[in-house]
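Hi everyone, thanks for making the time. I'd like to walk you through one model today, starting with the cysteines and then moving on to a sheet.

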Amino acid sequence: MTTLEILGVIFCQAAAGRLSPLAREGPLAALPFGGGLLVDFPLSAMAAAGIRDVLLLTPGCGGALAAHVGSGRTWGLRQKRGGVRFVRAETGPGTFPMHALRAALPEISRSTADAVLLMGCGLVYLPDLRTLAGALGDDDGALLYTPQVRRPMAGDSVRLEGRHARLERGCFCQSDLFLGCLLLRREVLCALLGCDSGAADLTELLEGNLCAVPHTGYVGAAATPEGYLQASLELLQPEVRAELYRAQGGMVTPVPDSPPTRYLEGAAVRQSLIGGGGRIAGSVTNSLLFADVEVGEDARVEGSVLLPGCRIGKGCRLRFAVCGRDVTLSPGLSLSGQPEYPFLLSRTQQC
């Protein structure tokens, strides 16, 4: 990509609030999205940019996330030198928590990389990291921002000062949104981690010599229930799918072998994406169904996301809902949410 050697670091924060049961009490990175997991997006972007050494900072031992990522072979990260490695770190709230970075400091210090790329898993987008690396020049770092998003998002705003930028933290913005993607020279990051600043998040210390690079493509927010539903349903738009799943540089995920979904007499599917291995006997409209999902006779699913293994009983009505893995709905149930407040149901809340 450039003459820079880059170490990738992905923050796998715990899923917060109502999303937590959907991630099986694991990190947000392990939440299914768009046929894979949320972690697939930063991993795919790094792999497309030629980064072959990646740290995943995650609470606990990784669990389902570790099983999904494995050795990193899917993304070309299985290497004799470098590759993908898990670092146990209580990530907590924030963009780049200092205590999580300090847990990874031994790995960062041992690295021979020139720069360290930091990314989270709460946003759905595929940046061109080659452009970010190419813009670094003589600066201490480079950050990625989007000039405009589809709807206002909570986050950090980028205040542009020529080609450089400063972060304004804790904003609610629709333009110049920091995308949680930061490239820092390794010695600069090590110096920031070594100082006793009292800062809880690395973004509190980012001042001065940072260049800003715009990302003009799609950005979806998946860290809240309403954001997760909206970003999932936006995958129904052909232009969004074309960008995120393009042949070169698109999202990559392990694809299990499964038979085609069966569509029984009376089934009706409109403007929806359906995974393999399922059985559809009812009506599905404007929805995403993952693999091995069953929709019973006379059931209606509208504007919803059904994660792998869901069973929707005969005559059920489901509208603006997100059902977690292996959820079973008894026949005749009616569950309805709103786009701004979807109905969430996990396996521990079977109906």
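**Cysteines and a parallel sheet**

Let's begin with Cys190: the closest cysteine sulfur to its own belongs to Cys195, and at 12 Å that is too far for a bond. Please keep in mind that this is a predicted model. As for its surroundings, Cys190 has 22% relative accessibility, so it counts as partly exposed.

Now over to Cys181. How far is its sulfur from the closest cysteine sulfur? The distance is 11 Å, to Cys211, and again that is too far for a bond. Cys181 counts as buried, because its relative accessibility is 0%. With a cut-off of 2.5 Å between the sulfur atoms, the count of disulfides comes to zero.

On to the sheet, then. Here five strands make up an open sheet, and reading across it the order is 13-16-19-22-25. The pairing is parallel. Which strands stand at the edges? They are strand 13, residues 268-270, and strand 25, residues 334-336. Each has a single partner strand, so one side of each is left without a neighbour in the sheet. On average, neighbouring strands in this sheet are turned by 5° against each other, if we ignore direction.

Let's zoom in on one of those edges. Strand 13 pairs with strand 16, which covers residues 283-285, in the parallel sense and over three bridges. If you'd like a spot to look at on your screen, find Val269: opposite it, in strand 16, stands Val284. As a general reminder, the strands of a sheet pair through backbone hydrogen bonds, either parallel or antiparallel.

That's my tour, and I'm happy to take questions.

Notes. Residues numbered from 1 in each chain as written. Predicted model: local features only at pLDDT ≥ 70, side-chain atom pairs only at ≥ 80, totals over all residues. Heavy atoms only, no water. Pairing = 2+ DSSP bridges. Helix = DSSP H or I, 4+ residues; strand = E, 2+ residues; numbered from the N terminus. Axes fitted to C-alpha atoms, helices over the stretch in contact; angles between N-to-C directions. Buried < 20%, exposed > 50% of the residue type's maximum accessible area, 1.4 Å probe, protein only.
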